[in-house]
Structures are given as C-alpha cells and as structure tokens.
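Dear colleague,

Please find the structure below. My findings follow it.

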Amino acid sequence: MNGQSRETAIAFRGELLRNEPMERHTSLKTGGPADFFAIPEDSDDLCGLLSWLQGEGLPWMTIGRGYNLLVRDGGIRGCVISLERFNRIGLVDELFVEAEAGAENLPVVRFAQQRGLGGISFISGIPGTIGGALTMNAGAYGQGILSHTEQLTLLRNGTVMSVCRDEIKYAYRRLELEAGDIVLAARFRLSECDAGIVEEDIRRDLELRRTKHNVGFPSAGSFFKNPPGQAAWRLIDAAGLRGTAVGGALVSEVHSNFLVNAGGATTRDFLALAETIKNQVCAISGVTLEEEVRIVGEI
Ligand SMILES: Cc1cc2nc3c(=O)[nH]c(=O)nc-3n(C[C@H](O)[C@H](O)[C@H](O)COP(=O)(O)OP(=O)(O)OC[C@H]3O[C@@H](n4cnc5c(N)ncnc54)[C@H](O)[C@@H]3O)c2cc1C
C-alpha cells in the first residue's frame, strides 16, 4: 500500500468503514471488529469492491441485518459487505414479486398485498432482509421462504447468474451456496389474495410474536434448530436450563430456545452457554442440538 491507506486504493462510492465493531450490526449486540465494513451503492460498486478485495487477497462475507449472526469477539478478518442499499421491490408478470437482497421482509409482503397478492405472509414478523431470509431459508408455521422462490439471482465469481426453482438446493434453515456467493435478489411465486386476508395474516403473526416472543432482551430468535420432530425449547426445558446464565448470556425465562444478552454479554459467554446446553440436552435426551445462528469470526 506504500503509505496509501487501503480505503483510498479503490474508487468506492458507498461507505467503507475500518475496524467496525460488529456488535453494532448484530441483534445479539456482541462481536469484535470487522477489518472493513462496506456498504456498496449499487452493483457496479459491489463488483469494484470485490475485485479490489480479490486483488488484495482479502476474504469477504455478506450480511443482512445480523439477526441470526453470532460474531466471535476477535472480529472478522477481511470485509463484511452489507447490501442494505440494494432494496428495490418490483412486480413481474402479475404473479411474481422480485426483491433485492437488502429489502426487509415486511415491506416485501406489504408490496405484494397492495397488488392483491399473498402467500408469504409468514415472513412478515421475521426480522431481517430478503438476502438473510433466503440464505437461512427463514420460515415459520412449517413454511420456509425457499419453497416460494421461483428464481434466485446470485453473484458468483464476479458473474451475475440466475438459479431457477428446480436448481435451488435447500433444506430446513439452509440454502446451498458456494463460498463467496452473494445473493442479489429473488423472485417469489405468489397467488391472488384479498388484501384484507393478507392483513389478517400479518396482524396475527405480529401479535403472536409480540406476546409469545417478547423476551425483553437482545436475541437472535431461536438459537438452536429444531431437531426433526422435536422442539429445541422443550429439550432445553427438560434439561432444566431455563434461566441458566454464563456471564451476560442467559437462557430466556420466556422462551428457552432464545439465548439473550441480559447485559454486557460477550460472544465467549454465548458460546460457553451454548456448549453447556448442548452437553446437558445430549446427556438428558440423547439429542445433539445444532446451532441455527451462524457463528463467524475469530476467537
Ligand atoms: C426476535 C427474532 C425472531 C426471529 N424469528 C425467526 C423466525 O420465526 N423464523 C426464522 O427463520 N428466523 C427467525 N429469526 C432469525 C432471523 O431473523 C432470520 O434468520 C433472518 O432471516 C436473518 O436475516 P438477516 O438479514 O438479519 O441475516 P443475517 O443474520 O445478517 O445473515 C444470516 C446469514 O445469511 C448470510 N447472508 C445474509 N445476506 C446475504 C446475502 N445477500 N448473500 C449471501 N449471504 C447472505 C449471512 O452471511 C449469514 O450467514 C428471528 C430473529 C429474531 C431476533
């Protein structure tokens, strides 16, 4: 870099932050700094950023709003990319809605509702972006967003490509991607639906979350995946772990699959608490829980 800062080595029109604390970008409010945190303005900006990162030999990862992300306390080497400015939503061929990765879930449901379309109201109350929802195959009430997805637009190895419905490989809370893939947008297959009925679905979902999931502290929603045919919260309860804490990380008294930051928690606290839960649940029920939250970064 010869005295020139890395930030000035590229023409970047978006925001490029250095040593950005990830606790500002995760709903659990923990996590050390990312070397770089980039918010590209548009696709050209994103492509310029990626070729610079590649040239510098720096790794990258894309995030949404960090509602399912646990970043280790040592932070993230390389660059975290936020697509929050990629948030257009549009109608395609009457029955399809296309949304960019940075659009948030509820506005996409509302956009469809205003055009007499429904079918994905179950994502209304899931916090985060379309990019995060697709990567996680986010869902509720037995439904996942990828089974309503007609087409995905990815940026893979510098090339924009479309993946159609039959080629999208996914499972419960999982989309198969290649390392370095960035989800740019998706097209959802919807059905004609009265706006009033969609409104009822949205309200029911938001109300249920307000009453049943109101844990009162920062969380990432369900910390563990539900094992096939079982509910993780029941297994955690059966192991007597409701209310257990390590440092500031606590098994919520309201919902025992929500691990919350009750104040001053570090990621180390969450990881230690998660380990205790996994060991105890395995000892009592013989089931190995698997984290739903994505754990990234350095110790
Ligand atoms: C109160 C609460 C309730 C919740 N309820 C639910 C629920 O009912 N159902 C459910 O499924 N989840 C739930 N969650 C979890 C979370 O909201 C979802 O997983 C959500 O989809 C995460 O979106 P995000 O934009 O914050 O993604 P992030 O947490 O930022 O990212 C999640 C993963 O996706 C990757 N990613 C994000 N965007 C892209 C992209 N454009 N390209 C490539 N990779 C990308 C990230 O690297 C990371 O691995 C809940 C969370 C909270 C806090």
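What share of the 299 residues in the protein do buried residues make up? Buried residues account for 41% of them; a residue is buried if 20 or more other C-beta atoms, placed from the backbone, lie within 10 Å of its own.

Please note that this is a predicted model, in which local features need pLDDT of at least 70 and side-chain atom pairs count only at pLDDT 80 or more, while totals for chains, interfaces and linings use all residues. Residues are numbered from 1 along each chain as its sequence is written.

As to overall dimensions, the C-alpha trace spans about 55 × 55 × 30 Å along its principal axes. The radius of gyration, taken over C-alpha atoms, is 20 Å, which agrees with the value near 19 Å for a compact globule of 299 residues; the globule rule is 2.2 Å times the number of residues to the power 0.38.

The secondary structure comprises 6 helices and 21 strands. These are DSSP runs numbered from the N terminus, helices being H or I of at least four residues and strands E of at least two.

One open sheet has 4 strands in the order 1-2-5-3, with mixed pairing; two strands pair if DSSP finds at least two bridges between them. Strand 1 (15-21) and strand 3 (60-63) stand at the edges, each with a single partner strand, so one side of each has no neighbour in the sheet. Within this sheet, strand 2 (residues 33-39) and strand 5 (residues 76-82) run parallel and are joined by 4 bridges. There, A38 has I81 of strand 5 as its bridge partner.

Yours sincerely

Terms used: Buried ≥ 20, exposed ≤ 12 C-beta atoms within 10 Å, placed from the backbone.
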